[in-house]
Every structure is written in structure tokens, then in C-alpha cells.
Amino acid sequence: MYLTEADPRWAEHSGEEGHHGAPEWGPEDLDRAAVFLAELAPQAGQVFQYLLRNPGRTIHCTELVDKALGGPNEVDPARRVAGVLSGMSKPRTNSGRRYPFHWWEAPEGSTGATYAVRPSVAAVFLAAQLGQ
């Protein structure tokens with residue numbers, strides 16, 4: 001599923017600390033985004049790059065494991081992705097911005113979270129990469 005920039009579901013995400021309070025990423029943050037990318041833990045970078053290549057698309061944790069992390073291992077995909085994305089904690093704190101992704105818990109009766117990057121935020125990070 002793809003979410004447009006104005007889709008109200010962006011505000012209905014499951015993220016808590018680090019997903020609110022600080023400013024959202026914007027066009028004025030190109031240098032900040034480049035530093036953020038350079039500070040990412042390697043696997044967090046792999047997952048984030050996959051999300052950036054799919055702006056606005058909600059992506060299930062199993063797809064992130066398969067496509068960004070080289071396939072399943074003994075760790076539950078939901079826990080694995082959450083653990084990998086914890087590698088964004090320090091860069092996020094250093095940036096003074098929110099986490100650059102949103103996530104949603106699985107609906108009742110399902111398993112695994114879904115993740116997405118807002119199109120405008122993806123544009124900031126992709127422009128920062130092009131500027132390097």
C-alpha cells in the first residue's frame with residue numbers, strides 16, 4: 001500500500017519516543033541528513049536505504065528481512081527489524097529531528113509491524129545522497 005504525503009495514516013503510526021516532539025525532516029536538512037546517514041549502523045542503513053527506495057510504501061517486516069537484511073535467521077522478523085532500527089537511535093538524537101520513518105503495529109490477529117518513509121522525508125535523504 002502507498003500513502004500519499006497528505007494521508008492521515010501518517011499521524012496514526014505506532015511510534016512513540018523519538019517519533020514526536022522534534023521537528024520533521026525538511027528541505028533545509030540536507031547537511032543534517034548526510035551526517036545522519038553517515039552515522040547509521042550498517043544494518044540500519046541497509047533497511048533505511050530499502051525504505052528510501054520505496055517512498056510512501058508500507059513495507060512489512062518480513063519483506064525488510066528478505067530484501068534488506070539477506071533473508072531470515074533464527075530471530076523473529078519483527079524483533080529483528082526493530083533491533084536493527086535501534087541503530088538509528090544515536091544518529092536521531094544527534095540530528096535533533098524525528099526518526100525519519102513511521103511504523104505501525106500489526107492489526108489484531110496478524111504479526112509483524114509495517115514501516116514506511118514519508119515521500120517528502122525520502123526526498124530530503126535522497127537529495128542528501130546525491131549531494132555527496
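This is a guided tour of the structure, moving from its helices to its openings and then to two single residues. Keep in mind throughout that the model is predicted.

**Helix H1**

Begin by selecting residues 30–39, which form helix H1, and colour Ala33, Ala34, Phe36 and Leu37, the residues of H1 that are buried. If you look down the axis, these four cover an arc of only 160°, which puts them on the same side of H1. Now turn to the other side of H1, where you will find Asp31 and Ala38, both of them exposed. To see what lies over the buried residues of H1, display H2, H5 and H6, which are included in their cover.

**Helix H6**

Next, select residues 119–130, which make up helix H6, a run of 12 residues that reaches 16 Å from its first C-alpha to its last, close to the 16 Å expected at 1.5 Å a residue. Within H6, highlight Val121, Ala122, Val124, Phe125 and Ala128, which are its buried residues. Viewed down the axis of H6, the buried residues fall within an arc of 155°, so they line one face of the helix. Keep H1 on display and add helix H2 (42–52), since what covers the buried residues of H6 includes both of these helices.

**Helix H4**

Move on to residues 77–85, helix H4, and pick out its buried residues, which are Arg80, Val81, Val84 and Leu85. These cover an arc of only 125° around the axis, which puts them on the same side of H4. Which elements cover the buried residues of H4? Select H2, helix H3 (61–68), helix H5 (89–95) and strand S3 (114–116), for the cover includes each of these.

**The cavity and the largest pocket**

Now leave the helices and look for enclosed space, of which a search of the whole structure finds 1 cavity of 30 Å³ or more. The largest cavity has a volume of about 30 Å³, and you can locate it by selecting the residues that line it, namely His13, His19, Glu24, Arg98, Tyr99, Phe101 and His102. This lining divides into 2 nonpolar, 3 polar and 2 charged residues.

For the largest pocket, which holds about 190 Å³ of space, select His19, Ala82, Tyr99, Phe101 and Trp103, the residues nearest its centre among the 13 that line it. The lining of the largest pocket is made up of 6 nonpolar, 5 polar and 2 charged residues.

**Arg97**

Select Arg97 next, in the loop between H5 and strand S2 (102–104). Is this residue buried or exposed? At 11% relative accessibility, Arg97 counts as buried, because buried means under 20% relative accessible area. Show Glu24 as well, which is 73 residues from Arg97 in sequence but 6.0 Å from it in space, C-alpha to C-alpha. Leaving aside neighbours within four places in sequence, Arg97 is in contact with Ala22, Pro23, Glu24, Trp25, Asp29, Arg32 and Arg92.

**Tyr2**

Finish at Tyr2, which lies in the segment before H1 and is exposed, with a relative accessible area of 56%. Once neighbours within four places in sequence are set aside, Tyr2 is in contact with Pro55, Gly56 and Arg57. As a last step, draw a distance from Tyr2 to Leu126, a residue of H6, and you should find the two 18 Å apart, C-alpha to C-alpha, with their positions 124 residues apart in sequence.

How values were computed. Residues numbered from 1 in each chain as written. Predicted model: local features only at pLDDT ≥ 70, side-chain atom pairs only at ≥ 80, totals over all residues. Heavy atoms only, no water. Helix = DSSP H or I, 4+ residues; strand = E, 2+ residues; numbered from the N terminus. Expected span 1.5 Å × (residues − 1). Buried < 20%, exposed > 50% of the residue type's maximum accessible area, 1.4 Å probe, protein only. Arc of directions from axis to C-beta. Contact = heavy atoms within 4.5 Å. 1 Å grid on protein atoms, 1.4 Å probe; cavity = no way out; pocket = protein on both sides within 12 Å on 5 of 7 lines; lining within 4 Å. Points joined across faces, edges and corners; volume = space filled by probe spheres on them. Nonpolar A, V, L, I, M, F, W, Y, C, P; charged D, E, K, R; others polar.
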